[in-house]
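This report describes the structure shown below, from its overall architecture to selected helices and side chains.

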Amino acid sequence: MKRLLIVFLLSISLCGFAQIGEKNFIDQNYIEVTGKAEKEIVPDMIYLKIILSDKDNKSKQSLDETEKSMISKLTGIGVDVNKDLSVKDYVSNFKSYWISKTDVILTKQFQLIVHDAKTIQKVFFEFQKLGISNVTIEKLEHSRIEQYRREVKIEAIKAAKEKAEALAAAVNQSIGKALYIK
């Protein structure tokens, strides 16, 4: 199972060294450090692309029958098909039918959102039984990604501050207020 990795590098300029009077930003003594933080999270929104086609169907079921079987199996393993399953595309080769006089082939593309690895395993197992083999993972997301990004940014700033304090302490000085955070 792939994990999402959030990494932030933040640069912080801290005013160091006690000063008398006000100086311009450029004239002030400062130390510039970079803080880094990362966090691995397990995605809770896994997008699967499912393609059903009359051409790929080995059991000679119609596309509608295969779709009904798929929906039945998904419901059986606990997937909320009304919320998590959607049709992305529906295509036929009817235009080329008039030229080549072959069968009309229908293709239907679905998007399924799965929330954990166990469910993915069940989905792939049931699809294998049904003969549905054209399934891929499109993307991974987490429902609270913005919250995690904020947390990682805060950790990166704390790491930069600690690094600045350590460097200033090495020359028997202390840091002041942050002048610039990037």
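Against which elements do the buried residues of H4 pack? The buried residues of H4 pack against strand E3 (45–53), H1, E5 and strand E6 (135–141). The sections that follow set this packing in context; the model under discussion is a predicted one.

## Overall architecture

The secondary structure of the chain amounts to five helices and seven strands. Along the sequence these elements are arranged in the pattern β-β-β-α-α-β-α-β-α-β-α-β.

Of the 182 residues in the chain, 32% count as buried. Among contacts with a separation of 6 or more, 75% are made by residues 24 or more positions apart.

## Helix H4

Helix H4 comprises the 14 residues 117–130. At 1.5 Å a residue, H4 should span 20 Å, and its end C-alpha atoms are indeed 20 Å apart, so the two values agree.

The buried residues of H4 are Thr-119, Ile-120, Val-123, Glu-126 and Phe-127. They lie on the same side of H4 because they cover an arc of only 135 degrees around the axis. The face turned away from this buried side carries the exposed residues Lys-118, Gln-121, Gln-128 and Lys-129. After H4 comes Gly-131, which has a positive phi, near 85 degrees.

## Helix H1

Helix H1, which is among the elements that the buried residues of H4 pack against, contains 14 residues, numbered 63–76. The expected span of H1 at 1.5 Å a residue is 20 Å, which agrees with the 20 Å between its end C-alpha atoms.

Which residues of H1 are buried? They are Leu-63, Thr-66, Glu-67, Met-70 and Leu-74. These residues cover an arc of only 100 degrees around the axis and are therefore on the same side of H1. On the other side of H1, Lys-68 and Gly-76 are exposed. Just after H1, Gly-78 adopts a positive phi of about 100 degrees.

## A buried lysine in strand E5

Strand E5 spans residues 106–114 and includes Lys-108. Is Lys-108 buried or exposed? Its relative accessibility is 12%, and Lys-108 therefore counts as buried, the cut-off for that class being under 20%.

The side chain of Lys-108 is joined to that of Glu-67 by a polar contact of 2.8 Å; Glu-67 is itself one of the buried residues of H1. With neighbours within four places in sequence left aside, Lys-108 is in contact with Ile-50, Ile-51, Leu-52, Leu-63, Glu-67, Val-87, Asp-89 and Tyr-90. Leu-63, which appears in this set of contacts, is likewise buried in H1.

## Aromatic rings

How many aromatic pairs does a search of the whole structure find? The search returns zero such pairs. A lysine does, however, sit over an aromatic ring: Lys-139 lies over the face of Tyr-47, at 4.6 Å from the ring centre.

## Strand E7

Strand E7 covers residues 175–181 and contains Ile-181. With a relative accessible area of 46%, Ile-181 is partly exposed. This value falls between the limits of under 20% for buried and over 50% for exposed, which is why the intermediate class applies.

Ile-181 and Thr-34 are separated by 147 residues in sequence, while their C-alpha atoms are 9.8 Å apart in space.

Conventions:
Residues are numbered from 1 along each chain as its sequence is written. This is a predicted model: local features need pLDDT of at least 70, side-chain atom pairs count only at pLDDT 80 or more; totals for chains, interfaces and linings use all residues. Side-chain values use heavy atoms; hydrogens and water are left out. Helices (H or I, at least four residues) and strands (E, at least two) are DSSP runs, numbered from the N terminus. The expected span of a helix is 1.5 Å times one less than its number of residues. Buried means under 20% relative accessible area, exposed over 50%, partly exposed in between (1.4 Å probe, protein chains only). The arc is that of the directions from the helix axis to the C-beta atoms. A polar contact is a pair of N or O atoms within 3.5 Å; within protein, one must be able to donate a hydrogen and the other to accept it, and residues adjacent in sequence count only if both atoms are side-chain atoms. Contact means heavy atoms within 4.5 Å. Rings of Phe, Tyr and Trp (its six-membered ring) pair if their centres lie within 6.5 Å; planes under 30 degrees apart count as stacked, over 60 as edge-to-face and the rest as tilted. A charge sits over a ring if NZ of Lys or CZ of Arg is within 6 Å of the ring centre and within 35 degrees of the ring normal.
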